[in-house]
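Here's a quick walk through a model, going from one end of the chain back into the helix packing. Have the structure open as you read.

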Amino acid sequence: MASALRPTLLRQTALSAAPRRAATSALLSRTTSLQSPIAQGAMRVAAFHASSPRSLLPPGPQVIKGTVNDAAPVPDPSPTHGSYHWTFERVVAAGLVPLTVAPFASGSLNPALDAILCALLLVHSHVGMQSVIIDYVPSRKYKGANKAFMWALNAATILAGIGLYEFETNDVGVTEAVKRVWKA
């Protein structure tokens, strides 16, 4: 059935496109003498595009090391590769839960507890942002950008650590500030 209808559909499509094609060719024939062949081809292609393509980020470097048929390098196996890092992240995250609740539940302000809370928050934030940089700015693709982001993260962590130290020693501290904001 489909093969019987196909010639009819093709004929109808060709007949409906003929007036449009004639109008387009008439327009092109008028401007042919003024435009180069490249511009004429671009005019035909531009009719199908609504806007020019824009890229938010430039594409990564297109480099093939070796030949296409070379095998991908396999790292040496290690049973602990990544496990210490993962365990450390989970211990820090689990340690933040009681440290966040303890000063408010006990009602006492302990500077040592406040300092440990600030240090763990700082480490937790640093490790989390480091994971984001590793995932989204890979060093194998963006060597310079990865290094710059890591240095910026280290600088921001040191600056935040100095700020938290100053806030703890010269002001009311993090837990007291949270209590005051909560009651305000």
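## What covers helix α6

Let's start with helix α6 in this predicted model. The buried residues of α6 have a cover that includes α3, α4 and α5. Which residues of α6 are buried? They are V174, T175, E176, A177 and K179. The helix itself takes in residues 174-183.

K179 is a good one to click on, and its place is in α6. Once neighbours within four places in sequence are set aside, K179 is in contact with P103, F104, G107 and L109. P103 turns up again further down, as one of the α3 residues that meet α4.

## Charges in α6

How many salt bridges does the structure hold? Two. One of them pairs R180 with E176, with the closest N and O atoms 3.2 Å apart. Both residues sit in α6, four residues apart, or about one turn of the helix. As a rule, an α-helix has 3.6 residues a turn, so residues three or four places apart point the same way.

The two partners differ in burial class: E176 counts as buried at 18% relative accessibility, while R180 is partly exposed, with a relative accessible area of 49%. For E176 the class follows because 18% falls under the 20% cut-off.

K179 is the odd case here. K179 is buried yet has no salt bridge. Its nearest side chain of opposite charge is E176, which is 5.0 Å away. That pair doesn't count as a salt bridge because the cut-off is 4 Å and the separation is 5.0 Å.

## The other salt bridge: E89 and R90

The side chains of E89 and R90 also meet in a salt bridge, at 3.0 Å from N to O. In general, side chains of opposite charge can pair when their charged atoms come close. Again a buried residue is joined to a partly exposed one: E89 has a relative accessible area of 17% and is buried, and R90, with 39%, is partly exposed.

E89 is found in helix α3. Which residues does E89 touch, not counting those up to four places away in sequence? V127 and S131. Both of these belong to the α4 side of the contact between α3 and α4, and E89 is listed on the α3 side.

## How α3 and α4 pack

Two packed helices are generally described by the angle between their axes and the distance between the axes. Helix α3 covers residues 83-106 and helix α4 covers residues 111-136. Their axes come within 9 Å and cross at roughly 145°, and the crossing is left-handed.

On the α3 side the contact is made by H85, F88, E89, V92, A93, G95, L96, L99, T100, A102 and P103. Facing them from α4 are L113, I116, L117, L120, L121, V123, H124, V127, Q130 and S131. Sorted by class, that contact has 14 nonpolar, six polar and one charged residues.

## From α4 across to α5

I133 is found in α4 and is buried, with a relative accessible area of 8%. Leaving aside neighbours within four places in sequence, I133 is in contact with P138, N146, F149, M150 and L153. I133 and N146 are 13 residues apart in sequence, and their C-alpha atoms are 7.1 Å apart in space.

Now look from the other side. M150 lies in helix α5, residues 143-170, and is buried at a relative accessible area of 17%. With residues up to four places away in sequence left out, M150 touches Q130, I133 and I134. From C-alpha to C-alpha, M150 and Q130 are 7.2 Å apart, though 20 residues separate them in sequence. Q130 also takes part in the contact of α4 with α3.

## The whole chain

Zooming out, the protein has six helices and zero strands, so by the DSSP runs the elements go α-α-α-α-α-α from the N terminus on. Buried residues make up 15% of the 184 residues.

What share of contacts between residues at least 6 apart in sequence joins residues at least 24 apart? The figure is 60%.

Notes:
Residues are numbered from 1 along each chain as its sequence is written. This is a predicted model: local features need pLDDT of at least 70, side-chain atom pairs count only at pLDDT 80 or more; totals for chains, interfaces and linings use all residues. Side-chain values use heavy atoms; hydrogens and water are left out. Axes are lines fitted to C-alpha atoms, for helices over the stretch in contact, and angles run from 0 to 180 degrees between N-to-C directions. Helices (H or I, at least four residues) and strands (E, at least two) are DSSP runs, numbered from the N terminus. A crossing is left-handed if the near helix is turned anticlockwise from the far one by less than a right angle, and right-handed if clockwise. Contact means heavy atoms within 4.5 Å. Ala, Val, Leu, Ile, Met, Phe, Trp, Tyr, Cys and Pro count as nonpolar, Asp, Glu, Lys and Arg as charged, and the others, Gly among them, as polar. Buried means under 20% relative accessible area, exposed over 50%, partly exposed in between (1.4 Å probe, protein chains only). Lys and Arg count as positive and Asp and Glu as negative; His and the chain ends are not counted.
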